Amino acid sequence: MNPIYLDNQATTPLAPEVFDAMLPWLKDNFGNPHSPHIMGRKAAAAVELARDQIAALCPPGGRVIFTGSATEAINLAMGAVRTQQGRAEIAVVDTEHAAVRDTALWYGTQGFETNLLPVDTQGLLRLEELEACLGPQTALVGAMLVNNEIGVIQPVEQIAAMAHRAGALMLCDAVQGFGRIDIPQQADMIALSGHKIYGPKGIGALWVREGIDIPALIHGGGQEQGVRSGTLSPALCAGLGAAAKLCAERREQDREHIVSLADRARDLFGDWSVNGSLDRRYAGNLNIRRQGLDVARLMSDVRGVAFSAGSACASGSGRPSHVLAALGLAPGQIKSSIRLGFGRYNSMKDIERAAGLINQAAENQLS
Ligand code: PLP
């Protein structure tokens, strides 16, 4: 039997509707979407429908490019710095996911200067620090919508407006907010991932504002708009499109459900402190700590719940969390933090049973 799944920031289960939408493209309709014959055209139509379903959740006036993951979408987007004549600086929030942060740091070894922008104790970007580092040399500003480790929502619209005043491009990693909260209309590029929105793994997408030029990331047959060669998977595209459509249709219902689970969890974990802002937070992410707790031990004691150690960088690398450190938490506080992620398919019973198991194990440890 599976444990109670409270790790919805790491990945989400596949929605049954998404599975149904993918199935025909894995069975009889196996045509190559780039073939000109009838089977190819049918597959291409499925890809284009999915593209429209994703675009419907993005700002008007742009295009959707399919990629193999959000990490790839972000790498594709950041290539745009090479087209920004005379601009050789990149500024990203210090608490970005490794997909943005490490790519920006890599550009720092390629003739660009990379600035990591500090956050306050709530995990929110210090806007004055952004203002101070912007100028005619800035090529790109990167800020995520919802932080994957602590759930904090950055003021992306404000950040984009500031980037634009300096003539820079703005990239938003919207992976943890797409389909759940409002998408920033001012961003120039938006990255998203299938497996965080109850869609399949192995697919992501980049939305790019009209008129922005991005150099090719993967060279070859030029299939995906000349920037990402390789045959598209109609099944994965259809799955991502269906997942996006479902998120849009169920947005209010999902929101209410997740807020009710989060409210209950906040009560049940009343003895714990919350990491990150309480007001500017996506409700489905609860990152909490309890003084003196050894989370590695807690995780091995609580086998019946799948959740994350807050101290481990949630990209799965096993690296210590740069996010909790950026909030100014002491190493002991970081090591006593856990992340609980609630999703569409969790029930109230899941939350209550998981809280019982985790709190009991914590009491046993601390008593
Ligand atoms: N950005 C954020 C905020 C994430 O949470 C993740 C996945 O954990 C990614 C980017 C990378 O997504 P993918 O797994 O599709 O490469």
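The largest cavity in this predicted model holds about 50 Å³ of space. The count of cavities of 30 Å³ or more comes to 1. Nine named positions need not be searched for by eye: the lining consists of Asn-8, Gln-9, Thr-12, Arg-180, Lys-196, Tyr-198, Tyr-282, Gly-284 and Phe-342. By class, this lining has 3 nonpolar, 4 polar and 2 charged residues.The position of the cavity follows from the domain assignment. The protein chain is divided into domain 1 (4-12 + 251-366) and domain 2 (16-245). Both domains give residues to the lining of the largest cavity, so the cavity lies between them. The C-alpha centres of domain 1 and domain 2 are 27 Å apart. Contacts join the two domains: 32 residues of domain 1 touch 36 residues of domain 2.

The ligand has its own set of surrounding residues. Ser-69, Ala-70 and Thr-71 belong to this shell, as do His-97, Met-144 and Asn-148. The shell also includes Asp-173, Val-175 and Gln-176, together with Ser-193, His-195 and Lys-196. Sorted by class, the shell residues are 3 nonpolar, 7 polar and 2 charged. Lys-196 is found around the ligand, and Lys-196 also lines the largest cavity.

Polar contacts to the ligand come from backbone and side chains. A polar backbone atom of Ala-70 lies 2.8 Å from an oxygen atom of the ligand. In the side chain of His-97, an N or O atom is 3.3 Å from a ligand oxygen. Gln-176 also takes part: a polar atom of its side chain is 2.7 Å from an oxygen atom of the ligand. The ligand taken alone exposes 400 Å², and the protein buries 90% of that area.

Notes:
Residues are numbered from 1 along each chain as its sequence is written. This is a predicted model: local features need pLDDT of at least 70, side-chain atom pairs count only at pLDDT 80 or more; totals for chains, interfaces and linings use all residues. Side-chain values use heavy atoms; hydrogens and water are left out. A residue is near a molecule or strand if one of its heavy atoms lies within 4 Å of it. A polar contact is a pair of N or O atoms within 3.5 Å; within protein, one must be able to donate a hydrogen and the other to accept it, and residues adjacent in sequence count only if both atoms are side-chain atoms. Accessible areas come from the Shrake-Rupley method with a 1.4 Å probe; for residues, only the protein chains shown count as cover. Ala, Val, Leu, Ile, Met, Phe, Trp, Tyr, Cys and Pro count as nonpolar, Asp, Glu, Lys and Arg as charged, and the others, Gly among them, as polar. On a 1 Å grid over the protein atoms alone, a cavity is a set of points where a 1.4 Å probe fits but cannot get out, and a pocket is an open set with protein on both sides within 12 Å along at least five of seven lines; lining residues have an atom within 4 Å of a point. Grid points are joined across faces, edges and corners, and a volume is the space filled by probe spheres set on the points. Domain bounds come from an automatic or database domain assignment. Contact means heavy atoms within 4.5 Å.
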